[in-house]
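Reader: Could you walk me through one binding site in this structure? I'd like a close look at what surrounds the ligand there and which atoms hold the contacts.

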Amino acid sequence: MPDTVSIGTLTQAASAKPAPLAAVNDFVVKFANVNGSGSASANGLFAKSIIRMGVPVAARNIFPSNIQGLPTWYEVRVSGAGHLGRRGGVDLAVPLNPQTWDDDVKEISPGGYLFYDSTKPLPASKFRDDIYVIGVPLTAICNEAYKIPRERQLFKNICYVGALSWLINIDPAVIEQLLKEEFAAKPKLIPANLAAFNLGRDYAQKHLKPIGLQLQKSDAVGNRIFVEGNAAAALGAVYGGATVCAWYPITPSTSLAEAFTGYCEDFRMNPDGSNNFAIVQCEDEIASIGVVVGAGWNGARSFTCTSGPGISLMNEFIGLSYFAEIPAVIFDVQRGGPSTGMPTRTQQSDLLLAAYASHGDTKHPLLLPADPGECFTMGAQAFDLSDRLQTTVFVMLDLDIGMQEWLVEPFQWDDKRQIDRGKVMTAEMLEAGTFFGRYTDVDGDGIPFRTYPGTHPDKGAYFTRGTSRNRMAGYSEKGVDYQDNMERLLKKFHTAATLVPGPITREAKKKTRIGAIYFGSTTPAMHEALEALEAAGHHINAMRVRAFPFSQDVYDFIHAHDEICVVEQNRDAQLRSLLMIEGGIDASHLTSILHYDGTPITARFLFDAIGKRLEARKATRQVTSKADKQ
Amino acid sequence: MTYILKPKLHHPSLPKNELGFTRRDYEGRVSTLCAGCGHDSISAAIIQSAWELGIEPHRLAKMSGIGCSSKTPDYFLGQSHGFNSVHGRMPSVLTGANLANRDLIYLGVSGDGDSASIGLGQFAHSIRRGVNMSYIVENNGVYGLTKGQFSATSDKGSKSKKGIENTESGIDLVALALQLGATYVGRSFSGDKDQLVPLIKGALSHHGPAFIDVISPCVAFNNHAGSTKSFDYVREHNEAVNRLDVILGRTPITADYRPGEVREVTQHDGSTLRLRKLHTDYDATDKIGAANYLQERHAEGEIVTGLLYVDPEATDLHDRLGTTAKPLNQLGTSDLTPGADALAKINASLR
Ligand SMILES: Cc1ncc(C[n+]2csc(CCOP(=O)(O)OP(=O)(O)O)c2C)c(N)n1
Ligand code: SF4
Ligand SMILES: [Mg+2]
């Protein structure tokens, strides 16, 4: 079944009960659970088993800011065609949380399926006539099989995976293998979990027929890995040579620091047990960035990871890093705004905050990874860039990339690659009489040399301060010295545009004057929408920007098109603002396509929003061209 | 203020330390502080201490926040790297610098506004974290640089220059430092160089968080009658519990005191702190006793000075983190990057 149809056909005939949805390796399953009920590992097992069958999966947790009791959802998109963004819509719902039942049932596509725990009878009003209902008495089955309440609850989760495996054709051998791997350290749990799985599977096999949504073994996954962006970024930091990590817990960035700790324990311990790293959980984000700046000043690669509220607190230090020219790396895992609640949802809403963080005239390079694969490469590259540019470099993840597992190409590393410490003057260079002016542009790229403290007994020491200094780091409050320095910093920023990852263009099949620009976690949904739009006759050249400052290619692309749709997951069109501010692009040239309800953007949303915009554009052009002819 | 440039040539007869450096080699730029400012005396004491200890200037890093006090690192140890950071945040910057290279000596200079007001949190956490540093607060009870507002160490009842009385309780940083786990705690007075220099020397040779509160009158905004941080007030109320000599490992110790009068404490680096007791009951290695004594004397309106507490068994943040002996900033690609084979294994675990 061509998947373009799966997002391109949005309406169904309303009259008779629609036929049951039928698809092979192309559907969306959504679980609704209660936080803390132990469902996460069962749901993970479900997703991973499909991947092991060689069928690509995009899985997303939607969770509240609490530990126990509130609703959570887990959405599994199965896409033989390899679409890893959210599609939109639900084909098979598994609502196991009475609290959210009504909304969960409402979401099911007409002709879709509802799988539920039928232990307690529900009134007909709790269902819909245009969907297919499958009941399995999960609670009854488990109450009979288990005595201990906690076991009843935990095994109920595995039990529904068993029932579903029969309904959609998950290979039980794959489940068995996964359970063996997961419980390798506690082998007793393997038969126990397998038995619970079979309880569900056997019941379903006896009482139910497989549904129209079916899995078929495939080789579409290839050798891809399934990993979350925070772990990938942490691994990038290890490979990038970070030695100092200072952080303060905040969702959705916490797991980045935790993963870094884990990887350091694996890879950075010396035979004598000493550590080639130092990780400090600080008292707040101000201290975290202060430690990073102090370590960067003293020549260690250091980073912090945080989210928007943390960036707000770090502002003063980020400015100091800019003016005093001190390397620092900040991973910003973006979320929705202040307080709790929305913050456990995803957004791309810190772009402006990060790009211009701090007081005075400041701007900072941002790297914009699209998936965990790029979290790894950019995570490592950020350290080379910040050392080279002697400034703060942001890596802008979001919750969708950071905390969800994505299917990506395996990580790669070239063993010949050496850490680039940038322009650091050594004792030998100083001894040889090399000129050293801390804030002097010797190479014409705006980047001066620095020395690490302790380098040489009587050469190369300097006093670091914010702004009031001349090219030799001497104290100066003269306007000309200030301006001279600021011009050099601007030149350095232009150099940054040539060093950061460049944009990637995706040409339409037909020549077109319409373009689209997007970035980050929007990417997979965007690619799917572009295919569907193309099938619907809308040809669009697309560019994924991967960093700020933008290279000239980005502006050339914009100028080569009559209209550019700028797609982003925030309310205020922040990428569009950056393009306008830095590139002097006319507002009317850039049409905003915005999605910011906290859920990851979907291909269906993009298909609709961009499609509508282009239809409207066609219509006005027909009107104006008619008018022209009159 | 003075703008006279210092002569560059050294007088041949200036005494030299064991490295062959004169005091001049430990000086910095000419101070731009008000003539008579207590902070300049502290800079002079730092110069004297570093010279007497024979510290190689480039092996010391000096860090500060913002304030008149925080400007002073520019006025001493001109051959050392210095970092005048942001207001109240010197402790975190120093912590990071220390993590990057455990081999240097870290001297943090701050003010009472910098450390007790905006920076109280960082002051507290750097100490409880056990950062190996000498943390000096140049305490004048006011914000000098912003022209004389009360700071958080200003005593309740102390009067501002305009006669306004401070109604908020003052923070005693020494009491806090003790509670927070500083392993070397002293208090002194910028006007008492004989007491201050050994205290700084002891701090610089201490392995662990060393804190010294130095009362340092602000002649421009807080040196009038009615202020509890004026020269006159501090001279009258200063109550020293001991006199300290710092004896480096290599100097032979000669016993010229009566038994019971002197207490010797050997530090991690081999230096010896010789404490001549001025108060027979005061034991500088008894933390609880020290805290009680401070409270009692404070209630009496006394300013207790001297080496108030030292833990010769002190450890630091690196000891606790288990960091490698080699400075982190000197590790190279092969120490840090696990390589392609390790990555292949990680990939395999993620399928
Ligand atoms: C974030 C911030 N807020 C306010 C200031 C203004 N400011 C500069 S110095 C200072 C107070 C300094 O007082 P203290 O640390 O006691 O130093 P002193 O000048 O008394 O030596 C203030 C409030 C600043 N530099 N930064
Ligand atoms: S204002 Fe006060 S603290 Fe500042 S330099 Fe003058 S006397 Fe010293
Ligand atoms: Mg002050």
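Author: Here's a walk through the surroundings of ligand 1, followed by the metal site. Keep in mind that this is a predicted model.

Ligand 1 sits between chains A and B, with 17 residues around it. The closest ones are Cys68(B), Ser69(B), Gly113(B), Asp114(B) and Gly144(B). If you sort the shell by residue type, you get five nonpolar, nine polar and three charged residues.

What about secondary structure? In chain B, α2 (68–71), α4 (112–117) and β5 (142–143) each chip in at least two shell residues. The largest share belongs to α4(B), with three residues.

Now for the polar contacts, which involve oxygen atoms of the ligand. From Ser69(B), a polar side-chain atom comes to 2.7 Å from an oxygen atom of ligand 1. Backbone atoms join in too: a polar one of Gly144(B) is 2.8 Å from a ligand 1 oxygen, and a polar one of Val142(B) is 2.9 Å from a ligand 1 oxygen. As for cover, ligand 1 on its own would expose 590 Å², and the protein buries 76% of that.

Val142(B) turns up again at the magnesium ion (ligand 3), where its O is one of the protein donors. The others are OD of Asp112(B) and OD1 of Asn140(B), and the donors lie 2.1 Å from the ion. Along the sequence, these donor residues follow the spacing D-x27-N-x1-V. Asn140(B) and Val142(B) are both buried. So much for the metal; Val142(B) is the residue to click on if you want both stories, with a backbone contact to ligand 1 and a donor atom for magnesium.

Conventions
Residues numbered from 1 in each chain as written. Chains lettered and ligands numbered in written order. Predicted model: local features only at pLDDT ≥ 70, side-chain atom pairs only at ≥ 80, totals over all residues. Heavy atoms only, no water. Near = heavy atom within 4 Å. Polar contact = N/O pair within 3.5 Å; in protein donor to acceptor, adjacent residues only side chain to side chain. Areas by Shrake-Rupley, 256 points an atom, 1.4 Å probe, with all protein chains shown as cover. Helix = DSSP H or I, 4+ residues; strand = E, 2+ residues; numbered from the N terminus. Nonpolar A, V, L, I, M, F, W, Y, C, P; charged D, E, K, R; others polar. Donors = N, O, S within 2.8 Å, 3.2 Å for Na, K, Ca; no water. Buried < 20%, exposed > 50% of the residue type's maximum accessible area, 1.4 Å probe, protein only.
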